[in-house]
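Here is a short report on one protein model. Look at the structure first, then read on.

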Amino acid sequence: MYKKPIIVFEGIEGSGKTTHIKNVLNYLKKKKIKFINLREPGGNKNSELIRKFILNKKSDLHIVSDLLLYLAARNENINKIIKKNYKKKVIIIDRFVDSTIAYQHYGMNISLKFINLINDFLTKDLNIDYTFLNTVSINNLKIRLKKRRNLNKYDTFNSYFYTKVQKGYLKLAKNKKNYLIVNSDKDISLNKKIIINKIEKLIFN
Ligand code: TMP
């Protein structure tokens with residue numbers, strides 16, 4: 001038997017989340033561990049439609065409309081996928097509630113009280129067991145975004161915005177036992193080892 005935690009990967013653009021998640025999924029497959037993997041916004045059919053609507057480069061939605069759509073996409077995932085698999089499979093999520101606090105509150109100044117109220121309502125029956133917060137220097141972020149062919153609406157903010165968002169994330173992680181900060185400016189294979197070690201402990205200890 002093994003544990004079936006909810007594990008979230010967070011971080012700003014270019015912070016290496018996608019690469020790390022890929023490594024973790026390969027590890028889980030190799031160990032024959034049952035898992036589901038979701039991304040936010042996105043995940044199920046409705047949430048992927050909402051993703052296209054928000055992140056489309058031509059979108060001119062108001063920031064509070066974006067917020068409500070991120071939360072709607074989350075609600076679809078929670079009710080259609082996460083609750084069904086909770087404690088039955090390992091659940092790996094690419095962005096979750098902390099993304100909303102970091103981007104919509106720390107980045108865009110929308111009320112934290114309002115965001116927490118809805119996030120808490122949506123996640124009241126769930127426990128996020130562990131969060132890997134991936135960080136990146138603004139210099140590397142710029143280099144990595146330049147290499148991306150398809151930039152979405154949220155890939156084109158200025159450095160000041162991403163700095164605010166990353167600082168917000170670091171505040172959320174401060175002094176918390178169930179967060180690990182992964183500095184993606186450091187050696188990628190070393191980070192991979194650190195993450196897989198932690199995943200092993202979360203599942204088998
Ligand atoms: P990504 O899937 O490529 O990381 O892009 C998703 C974008 O959406 C990213 O810029 C972060 C943003 N986002 C929010 O602003 N609030 C949220 O609640 C979530 C889940 C994502």
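## Helix α1

Helix α1 covers residues 17-30, which makes 14 residues, and at 1.5 Å a residue it should span 20 Å; its end C-alpha atoms are 20 Å apart, so the two agree. The expected span is 1.5 Å times one less than the number of residues. Helices (H or I, at least four residues) and strands (E, at least two) are DSSP runs, numbered from the N terminus.

This is a predicted model: local features need pLDDT of at least 70, side-chain atom pairs count only at pLDDT 80 or more, and totals for chains, interfaces and linings use all residues. Residues are numbered from 1 along each chain as its sequence is written, and side-chain values use heavy atoms, with hydrogens and water left out.

Which residues of α1 are buried? They are K17, H20, I21, N23, V24, L25, Y27 and L28. Buried means under 20% relative accessible area, exposed over 50%, and partly exposed in between (1.4 Å probe, protein chains only). The cover over these buried residues includes β1 (6-11), β2 (35-39), β3 (90-94), β4 (130-135), β5 (179-183) and α8 (188-204).

## Strand β1 and its partners

Strand β1 is largely enclosed by the rest of the structure, because 6 of its 6 residues are buried. I6, V8 and E10 point one way, while I7, F9 and G11 point the other way. In a regular strand the side chains alternate between the two faces of the sheet.

β1 runs parallel to β3, and 4 bridges join them. V8 has I93 of β3 as its bridge partner. β1 also pairs with β4 in the parallel sense, over 5 bridges. Here E10 is partnered by L133 of β4. Two strands pair if DSSP finds at least two bridges between them.

T135 is also in β4. T135 is buried, with a relative accessible area of 10%. Its contacts (heavy atoms within 4.5 Å) include S15, Q166, L170 and I181, not counting residues up to four places away in sequence.

## Loops with unusual backbone

Two residues that are not glycines take a positive phi.

| Residue | Loop | Phi | Relative accessible area |
|---|---|---|---|
| K32 | between α1 and β2 | about 60° | 73%, exposed |
| K87 | between α3 and β3 | about 65° | 43%, partly exposed |

K32 comes just after α1. In the loop between β2 and α2 lies P41. The peptide bond from E40 to P41 is cis, with omega near -5°.

## The pockets

A pocket is an open set of points on a 1 Å grid over the protein atoms alone, where a 1.4 Å probe fits, with protein on both sides within 12 Å along at least five of seven lines; lining residues have an atom within 4 Å of a point.

The largest pocket holds about 800 Å³ of space. Its lining has 32 residues, and K17, T18, R51, D94 and R95 lie nearest its centre. α1 gives the largest share of this lining, 6 residues. By class, the lining has 10 nonpolar, 10 polar and 12 charged residues. Ala, Val, Leu, Ile, Met, Phe, Trp, Tyr, Cys and Pro count as nonpolar, Asp, Glu, Lys and Arg as charged, and the others, Gly among them, as polar.

The second largest pocket holds about 240 Å³. Of its 16 lining residues, V97, D98, T123, I128 and Y179 are the closest to its centre. β1, α4 and α5 (112-122) each give two or more residues to this lining.

Notes
Points joined across faces, edges and corners; volume = space filled by probe spheres on them.
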